[in-house]
Amino acid sequence: MTGKPLPFTPEQLRAALDAHPTPFYLYDERGIRAGARSLRRAFAWSPGFREYFAVKATPNPHIMAILADEGCGMDCASLAELALAGRIGLAGESVMFTSNNTPPEEYRAARRLGAIINLDDAGHLEALLSTGGGGVGAGDTVPSSPSPTPAVSQPLPDVLCFRYNPGPLREGNAIIGRPAESKFGSTREQLRAGYALARERGVRRFGLHTMLASNELDPEYFVATARMLFALAADLHAELGLRLEFVNLGGGIGIPYRPEQRPVDLARISAGIRAAYAELVEPAGLAPLKIFLECGRLMTGPYGVLVTRVRHLKRTYRSYAGVDATMADLMRPGMYGAYHHITVLGKEGYPAGTLYDVTGSLCENNDKFAVQRPLPELEVGDVLVIHDAGAHGRAMGFNYNGRLRCAELLLGADGAVRLIRRAETLEDYFATLV
């Protein structure tokens, strides 16, 4: 088995295991901070650059607060995510609301928070007109449930962004699919009409956004995306006299899940985008044009693991290692066939001579963390550490079979491990029954 380094030492993992039952997620504060700083350094040349962390990746306020402390804004897609941003003290243009098929109460919540609203559908302008404005302070929170607001016409926000879908002009990747088949975004013609109407209604500040790939490892993909948006910004300026304040290049920068993969070269992405900026933005008279990103996986993925124990070994037509975590804790392998590397704690140097399907206990045959994975010979009680689970892991959990989602722990910068979300209980599971 080819090795892959863990973000934690064996001693740190053992300390967490001594204090907390498995399964649990464990995140590394120092790693998260170092990653955020690396991204900020890569784009230090860009005035006003900002990373808006995709909250959906790891919606835990303790993790969000670390990233906010490193200068990140928050990209939210739902009422709950807006509420989390408010609870860590963020409001105004530190928050971007990028949703789709959006209910009115979520627009109202975003406007109360003063967030930058990124419209998935240019036709949603009329929906915005019927939502209330009014700002909130940085310490305020969004209500846990929406309160009715009369459908009266209100001014549009001061700043507005639209999401662009280039359709057949670009290809996506395996996870996010082809843009022409995507439910997200508006066409070029719809954007043009949306900007024109918003300006007529009094909006004076504008942004442009796209999101075309997920977990992409090719740096040139992101440079090409930047070139596309810079060119579109220049065209909108020429056609409408519209001067964009920012372009949001989206997220999608991948991480090396497999041992043979290497991290994306952020310096290479940045250099390519800088060259495109000099070629397309500056001659069009659009500088300074702020550059935003909304990475999620890149910011937390490599810095979290799922820790689980072998509960049962079974041999039929294959060898099975049943663990105490399930697909309800980490659904990416079962949903996408995604690869997550597995380290057997204490057996890192052992030969990986046995093929295992590593399974949970759900009544579903795709409840597997690995299929025919070469691992050292396992024993009941062995601890398996599932790598790169810090994004789209606990966040995508569910309760099928009445399985309860596990706890989240944080290894702080001071070296201490603390609980940042307790494991669910049966009382939690039954709490919503009437």
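**Strand pairing, nonpolar cores and salt bridges in the predicted model**

Strand β2 (residues 50-54) pairs with strand β9 (residues 290-293) in the parallel sense, over 2 bridges. The structure described here is a predicted model. Within the pairing of β2 and β9, R50 has F292 of β9 as its bridge partner. Strand β9 also pairs with strand β8 (residues 246-248), again in the parallel sense, and this pairing runs over 3 bridges. Here V247 stands opposite I291 of β9.

The largest nonpolar core comprises 103 residues. Y195, F230 and I273 are the residues with the most contacts inside this core. Helix α8 (residues 219-240) gives the most to the core, contributing 12 residues. The surroundings of I273 were examined with its neighbours within four places in sequence left aside. On this basis I273 is in contact with F43, W45, F222, V223, A226, F230, L249 and I291. The contact list of I273 thus includes F230, itself named with Y195 and I273 for the most contacts inside the core. It also includes I291, the residue of β9 that V247 stands opposite. Apart from the largest core lies another, of 14 residues, with L13, L17, L26 and V307 among them.

A nonpolar patch is also found on the surface, formed by L426, Y429, F430 and L433. Together these residues have about 410 Å² of accessible area. L426 is located in helix α12 (residues 426-430). With a relative accessibility of 46%, L426 counts as partly exposed, the category that lies between the limits of 20% and 50%.

Side chains of opposite charge can pair when their charged atoms come close. A search of the whole structure finds 23 salt bridges. One of them joins E70 to R37, with the closest N and O atoms 2.8 Å apart. E70 lies in the loop between α3 (61-69) and β3 (73-76), whereas R37 belongs to helix α2 (residues 29-42), so the salt bridge ties together parts that are 33 residues apart in sequence. The two partners differ in their exposure: E70 is buried, with a relative accessible area of 8%, while R37 is partly exposed at 37%.

A salt bridge is likewise formed by R205 and E245, whose closest N and O atoms are 2.8 Å apart. This pair links distant parts of the chain, 40 residues apart, with R205 in strand β7 (residues 205-209) and E245 in the loop between α8 and β8. R205 counts as partly exposed at 26% relative accessibility, and E245 is also partly exposed, with a relative accessible area of 21%.

In a further salt bridge, E220 is joined to R268, the closest N and O atoms being 3.1 Å apart. Distant parts of the chain are linked by this pair as well: E220 is in helix α8 and R268 in helix α9 (residues 266-281), 48 residues apart. Relative accessible areas of 37% for E220 and 43% for R268 place E220 and R268 in the partly exposed category. Salt bridges that share partners also join E29, R33, R37, R40, D69 and E70 into one network.

Methods: Residues are numbered from 1 along each chain as its sequence is written. This is a predicted model: local features need pLDDT of at least 70, side-chain atom pairs count only at pLDDT 80 or more; totals for chains, interfaces and linings use all residues. Side-chain values use heavy atoms; hydrogens and water are left out. Patches are made of residues with over 30% relative accessible area and no salt bridge: like charges are joined within 9 Å, nonpolar side chains (Val, Leu, Ile, Met, Phe, Trp, Tyr) within 5 Å. Accessible areas come from the Shrake-Rupley method with a 1.4 Å probe; for residues, only the protein chains shown count as cover. A salt bridge is a side-chain nitrogen of Lys or Arg within 4 Å of a carboxyl oxygen of Asp or Glu. Helices (H or I, at least four residues) and strands (E, at least two) are DSSP runs, numbered from the N terminus. Buried means under 20% relative accessible area, exposed over 50%, partly exposed in between (1.4 Å probe, protein chains only). A nonpolar core is a set of buried Ala, Val, Leu, Ile, Met, Phe, Trp, Tyr and Cys residues joined through side-chain atoms within 4.5 Å. Contact means heavy atoms within 4.5 Å. Two strands pair if DSSP finds at least two bridges between them.
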